Each structure stands twice: as structure tokens, then as C-alpha cells.
Amino acid sequence: MIVHCFTCGAINTHLYAQLRKTWGIQAMARPSSDLAAFREIFSKSNNIAVITGAGVSAESGVPTFRGAGGYWRKWQAQELATPTAFAHNPSRVWEFYHYRREVMLTKNPNPAHQAIAECEERLGKQGRKVTVITQNIDELHRCAGTKNLLEIHGSLFRTRCMMCGHEEANYKSPICSALEGRGAPDPDAHDAQIPVEELPRCERRGCNGLLRPAVVWFGETLDADILSEAEKVLDSCDLCLIVGTSSVVYPAAMFAPQVAARGVPVAEFNLENTPATERFKFHFHGPCGNTLPPALARHESEAN
């Protein structure tokens, strides 16, 4: 079962150590990089969970705003992606998200996204299921053709009204005229200081409330229905892949370790080891766009 704490945030080492003790998690032997062994397990799996993070999007050229150089102007994402930041300066926060939306409209799914979507479609015809649980808000999985998709942190291309609560897809470019040409990430760029009445507004009749991005900000509660669906997927999967995630953003950081704790094979695909790597049966080092396609390609045991 997933830990029932729905608040988005970075997991600290003390909490991780406590959870390891609670679940009786012990260190395992060094994860294997034996692709043939992984493929044998993959060929027999009927319910596959794929957990993805920012590393997958980074290979499409999407800024992650993580680590060294991970700034928009002089702020890190954690300083802007909060309810407090939006309440204090909605213009600045909307500039940040407008920039991200406009960038995303120029990006395309990469071979990792495509491999996952193709695998889902192919295995679906065999009565097998692939479900993607993503922390990413860029919709690249959706663009690649993934159907069984749980976006636990929301989407850049959805808005929610602060007044009436209505949420809907929004692909306008720019999202409002006042943001056109705004949002440059250069450290020397000045805030546009757009009046709040000129920021994106709800178009439902009689409302005109201020819109916000329909994403889960740091300190906010994840959607309980989506998290419940993720829990069902993780409780029933017989193989789990964790792809391009640093395993430090809670609660998603604990998904794969909990699956591993019940004896299900977990394969990590990442550029580097993570705090959870030692818990997994497999670790494939390198760009996901290189390592994932051969791992998910048609197995010789599959019917043509």
C-alpha cells in the first residue's frame, strides 16, 4: 500500500530512513544490468507499472529546473511553484508557467516516450496492461500515444479557476494577451508586473475569476482519486519500471521501493544512481532514450 500522505514535497533522508525501518527494508545485492534477465521477466509480466520523472522529459530538451543551473531568472522552481508565491505575485508565477508552456509547444516525445506508448499498445492487444504514472506535467506521454496515464502532478495545459474551481484543458498560445512575449528566463529580465485583472481569467459565464495552472504545487495535496488509482496499479503490478526520476520528490519517491518491498521486480532506468537504487532488482545506466527501447521491444515469445 502507498503511504497515505498526499502532500507534494522533497523527501528528506531522515524520513526515508524511518520508512525503510517501518517496512523492514534491507539493503539488497547490487542491482543487475543484465538486459536478457530483465527481458525474460518482462516477457511473462501481465500488469506493468511505469513510473516516470523529469529525466524522461529532459531528453526532449525540456528544462527541469533541478540541480546546478536550474533557475528561471534568479528563482528555483521550488520558490515559484507554491500557493504562497502565487498569492504574493501571480504575475511572476504566470510568467514562469507561460514560459514553460511556450517551450513545451516546441518539444516532441523522445524514443523513451515512444517506446512506452508502443509497448502499451502492443501488449494491450495481448491482454496485458501497461500503466504510466508520471510526475511530469508536460503531456509528452500523452503526445506519444500513451492511453493508461496517471498525471499525479497535473498538467501545464490545464487551468483551474480560483473562484469557481472549474478546471479544463487550455492550449492557447499565449494563454492571454498580456503574457505575449513575456516570461524570458534570463537572470537580468525584469518582472512584467502584469495587473491581476489582465492575467488569465475564467471564461465561464458570470465568473471571470483568476486562473491558476492546474498543477500540484509544493506543499499542496495530490488529487486523492488519482493517487488511489496509482495505488491500485502499484498494488497489482507484477513488474515495475522507474524511468528518469531522482526518487526525491514525495510521495512518488516511495512508490517503487514499496513495490520492491512486496517482492515485485523493479527496474530503474536513469543517468545516475538514486537514493532508492539499492532496493531494485535492475538498474540500467544511461539516457532513457537509449536504454528503454531495447528493454521494451517485442520479445521473441510474443505472437506476431
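Strand 2 (47-52), helix 7 (111-124), strand 10 (239-243), strand 12 (266-270), strand 13 (282-285) and helix 11 (288-296) are among the elements that cover the buried residues of helix 2. The structure is a predicted model. Within helix 2, which spans residues 35-44, the buried positions are Phe-38, Arg-39, Phe-42 and Ser-43. These four residues lie on the same side of the helix, because the arc they cover around the axis is only 135°. The N-terminal end of helix 2 is capped by Asp-34. A side-chain oxygen of Asp-34 sits 3.1 Å from the backbone nitrogen of Ala-36.

The largest nonpolar core comprises 32 residues. Trp-94, Phe-96, Tyr-97 and Trp-217 have the most contacts inside this core. Five elements each supply at least two of its residues: helix 4 (77-80), helix 5 (83-88), helix 6, strand 7 (154-161) and strand 9 (211-215). Helix 6 provides the largest share, with five residues.

Helix 6 also holds two annotated positions. Tyr-97 and Arg-100 are listed by UniProt under "binding site", in an unreviewed entry. Tyr-97 belongs to helix 6, residues 90-104. Its relative accessibility is 2%, so Tyr-97 counts as buried. Beyond residues up to four places away in sequence, Tyr-97 touches Ala-81, Ile-137, Leu-156, Pro-213, Val-215 and Trp-217. Trp-217 is, like Tyr-97, one of the residues with the most contacts inside the largest nonpolar core. Arg-100 is likewise located in helix 6. Arg-100 has a relative accessibility of 17% and therefore counts as buried, the limit being under 20%. With residues up to four places away in sequence set aside, Arg-100 touches Phe-65, Ile-137 and Leu-156. Ile-137 and Leu-156 thus appear in the contacts of Tyr-97 and in those of Arg-100.

A second set of annotated positions consists of cysteines. The unreviewed UniProt entry lists Cys-161, Cys-164, Cys-202 and Cys-207 under "binding site". The four cysteines gather at one spot: they span 47 residues in sequence, yet no two of their C-alpha atoms are more than 8.9 Å apart. For Cys-207 and Cys-164, 43 residues apart along the chain, the C-alpha separation is 7.0 Å.

Cys-164 occupies the loop between strand 7 and strand 8 (167-169). Cys-164 is partly exposed, at 37% relative accessibility. Its contacts, apart from neighbours within four places in sequence, are Cys-202, Arg-204 and Cys-207. Cys-202 is placed in the loop between strand 8 and strand 9. Cys-202 is buried, with a relative accessible area of 7%. Neighbours within four places in sequence aside, Cys-202 contacts three of the listed cysteines, Cys-161, Cys-164 and Cys-207. Asn-208, Gly-209 and Leu-211 are also in contact with Cys-202.

Cys-207 is found in the loop between strand 8 and strand 9. Its relative accessible area is 16%, and Cys-207 is buried. Apart from neighbours within four places in sequence, Cys-207 is in contact with Cys-161, Met-163, Cys-164 and Cys-202. Cys-202 and Cys-164 are therefore both in contact with Cys-207, given heavy atoms within 4.5 Å.

No disulfide links these cysteines, since a search of the whole structure finds zero disulfides, defined as sulfur pairs within 2.5 Å. For Cys-207, the closest cysteine sulfur is that of Cys-161, at 3.5 Å, which is too far for a bond. Cys-119 is another buried cysteine, with a relative accessibility of 2%.

Glu-151 is part of strand 6, residues 149-151. Glu-151 counts as buried, at 12% relative accessibility. Outside its neighbours within four places in sequence, Glu-151 is in contact with Thr-134, Glu-139, Arg-142 and Ile-226.

Terms used
Residues numbered from 1 in each chain as written. Predicted model: local features only at pLDDT ≥ 70, side-chain atom pairs only at ≥ 80, totals over all residues. Heavy atoms only, no water. Buried < 20%, exposed > 50% of the residue type's maximum accessible area, 1.4 Å probe, protein only. Arc of directions from axis to C-beta. Polar contact = N/O pair within 3.5 Å; in protein donor to acceptor, adjacent residues only side chain to side chain. UniProt positions renumbered as here; feature names shortened; annotations may be inferred. Core = buried A, V, L, I, M, F, W, Y, C linked by side-chain atoms within 4.5 Å.
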